[in-house]
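These are notes for a colleague who is reading this model for the first time. Please keep the sequence and the structure open while going through the numbered points.

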2 protein chains.
Amino acid sequence: MPAATDPSVLGGELATQAARFVRTLRRELDIPASARVLSVLDEHGPSGVTSLASAYGCTQPTMSALVAQLVEQGWTEKSPHPTDTRSTLVSLTPAGHSELARVRRLNGEHVAARLAEHPTLTTAQLRTAVEVLRVLVPAPETQTGSTSS
Amino acid sequence: MPAATDPSVLGGELATQAARFVRTLRRELDIPASARVLSVLDEHGPSGVTSLASAYGCTQPTMSALVAQLVEQGWTEKSPHPTDTRSTLVSLTPAGHSELARVRRLNGEHVAARLAEHPTLTTAQLRTAVEVLRVLVPAPETQTGSTSS
DNA sequence: GGAGATACATAGGATTCCTATGTAAAGTGG
DNA sequence: CCACTTTACATAGGAATCCTATGTATCTCC
């Protein structure tokens with residue numbers, strides 16, 4: 001089958017497969033987009049909306065909406081910024097940490113199931129895929145964050 | 001940063017990065033979802049709507065809409081199936097081939113630009129990423145198709 | 001010929017995101 | 001201290017992508 005070396009073709013293939021992967025994941029695991037924000041929040045620690053948007057790679061209004069969803073579900077909470085009244089600090093609640101763990105487990109199980117069907121695939125290759133995708137995106141800023149779960 | 005080996009974490013990362021990659025691509029290149037169908041059509045040759053949906057990885061109604069868009073833009077055309085009146089054969093028009101070439105070029109340029117910024121990344125790794133994503137999706141049926149451009 | 005399967009279309013709605021724009025609070029120079 | 005600009009968020013409105021449910025015509029097979 002397709003085993004091209006032409007970056008143009010590979011890029012197209014990557015786009016197609018990535019889009020499909022995302023679509024399939026959405027349908028099968030039923031994980032809302034906002035859940036991915038939890039991961040960013042976990043990495044970066046309590047942040048403002050704009051900063052989160054930048055880290056997540058979406059616009060500020062979009063992040064406003066995502067955060068609103070997360071707050072409504074009790075996964076994050078907004079507290080006033082100590083020195084800047086305009087800003088708010090969004091942070092994970094315990095429930096948010098649980099949800100993050102749940103989502104990671106779901107993803108893990110899904111990936112593991114596929115891996116089991118294809119013994120040739122290694123986790124090293126998996127990691128390569130992650131690296132490639134990470135590189136192929138503009139990358140906002142890679143500031144260090146917090147930790148947890 | 002994240003350099004995990006845990007499939008669970010890697011799966012989550014992959015999901016996040018893939019989603020972001022797709023989003024960025026959509027925004028920056030402004031390529032409609034229907035354009036990816038052109039690629040499928042090119043690989044599989046003239047096909048019915050349901051078959052396309054399966055190959056593309058979406059539902060039949062969704063593919064109906066996508067095909068309708070493609071036809072409206074003159075990139076594909078529908079002809080009656082020779083033996084089955086219910087079915088139609090969707091096939092690429094010359095304009096469709098051109099568009100496919102254009103999209104591939106855009107994707108290629110985009111990927112090439114990123115690759116240029118990261119000399120450490122090889123096309124082999126790129127191909128690995130494609131393979132990984134391909135594996136991580138249920139894969140409908142890999143029947144051989146036609147050719148062209 | 002009639003029951004069930006198959007191919008496609010349509011209707012209606014959920015999700016995800018963006019652009020444009022408004023409002024309030026910080027900074028900044030005079 | 002006072003405009004003026006910048007920054008942080010929120011809201012409004014709409015576009016794109018997909019799905020489920022359902023209807024209609026056609027094919028298959030007994």
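1. Sorted by class, the surface near DNA strand D has seven nonpolar, 10 polar and seven charged residues. Here Ala, Val, Leu, Ile, Met, Phe, Trp, Tyr, Cys and Pro count as nonpolar, Asp, Glu, Lys and Arg as charged, and the others, Gly among them, as polar. A residue is near a strand if one of its heavy atoms lies within 4 Å of it.

2. Before going further, note that this is a predicted model, in which local features need pLDDT of at least 70 and side-chain atom pairs count only at pLDDT 80 or more, while totals for chains, interfaces and linings use all residues. Residues are numbered from 1 along each chain as its sequence is written, chains are lettered from A and ligands numbered from 1 in the order in which they are written, and side-chain values use heavy atoms, with hydrogens and water left out.

3. Which residues come nearest to DNA strand D? Of the 24 residues around DNA strand D, they are A:Ser64, A:Lys78, A:Ser87, B:Thr62 and B:Thr85. Of the atoms of DNA strand D within 4 Å of the protein, sugar or phosphate holds 66%, and the rest belong to bases.

4. Helix 1, helix 3 and helix 4 of chain A, together with helix 4 of chain B, each give at least two residues to the surface near DNA strand D. Helix 4 of chain A gives the most, with three residues. Helices are DSSP runs (H or I, at least four residues), numbered from the N terminus.

5. Some polar contacts to DNA strand D can be checked by eye; the term stands for a pair of N or O atoms within 3.5 Å, and within protein one must be able to donate a hydrogen and the other to accept it, with residues adjacent in sequence counting only if both atoms are side-chain atoms. A side-chain N or O atom of A:Ser87 is 2.6 Å from a phosphate oxygen of DNA strand D. From chain B, a polar side-chain atom of B:Thr62 lies 2.5 Å from a phosphate oxygen of this strand, and one of B:Thr59 lies 3.0 Å from a phosphate oxygen.

6. DNA strand C also has 24 residues around it, of which A:Thr62, A:Thr85, B:Ser64, B:Lys78 and B:Arg86 come nearest. Sugar and phosphate make up 68% of the atoms of DNA strand C that come within 4 Å of the protein. By class, the surface near DNA strand C has seven nonpolar, 10 polar and seven charged residues.

7. Helix 4 (60-72) of chain A and helix 1 (7-29), helix 3 (49-56) and helix 4 (60-72) of chain B each supply at least two residues of the surface near DNA strand C. The largest share, three residues, comes from helix 4 of chain B.

8. Backbone atoms also approach DNA strand C. A polar backbone atom of A:Ala33 is 2.8 Å from a phosphate oxygen of DNA strand C, and a backbone N or O atom of B:Thr50 lies 2.8 Å from a phosphate oxygen of this strand. B:Ser64 uses its side chain: a polar atom there lies 2.5 Å from a phosphate oxygen of DNA strand C.

9. How many residues of chain A are in contact with chain B? The number is 59, and they touch 59 residues of chain B, where contact means heavy atoms within 4.5 Å. The two chains bury about 5800 Å² between them, 69% of it on carbon and sulfur atoms. Buried area is the accessible area (1.4 Å probe) that two parts lose on being put together, summed over both. A:Arg20, A:Phe21 and A:Leu136 supply 11% of the area that chain A buries against chain B, more than any other three residues.

10. There are two salt bridges between chain A and chain B, a salt bridge being a side-chain nitrogen of Lys or Arg within 4 Å of a carboxyl oxygen of Asp or Glu. In one of them, B:Glu13 pairs with A:Arg134, the closest N and O atoms being 3.2 Å apart. B:Glu13 lies in helix 1 of chain B and A:Arg134 in helix 6 of chain A, so this pair joins two chains.

11. Chain A can be laid on chain B with an RMSD of 0.1 Å by a turn of 180° and a shift of 0.0 Å along the axis. That is the relation of a two-fold axis. The copies are superposed by least squares on the C-alpha atoms of residues with pLDDT of at least 70 in both. In chain A, the C-alpha of A:Ala129 is nearest the axis, 2.0 Å from it.
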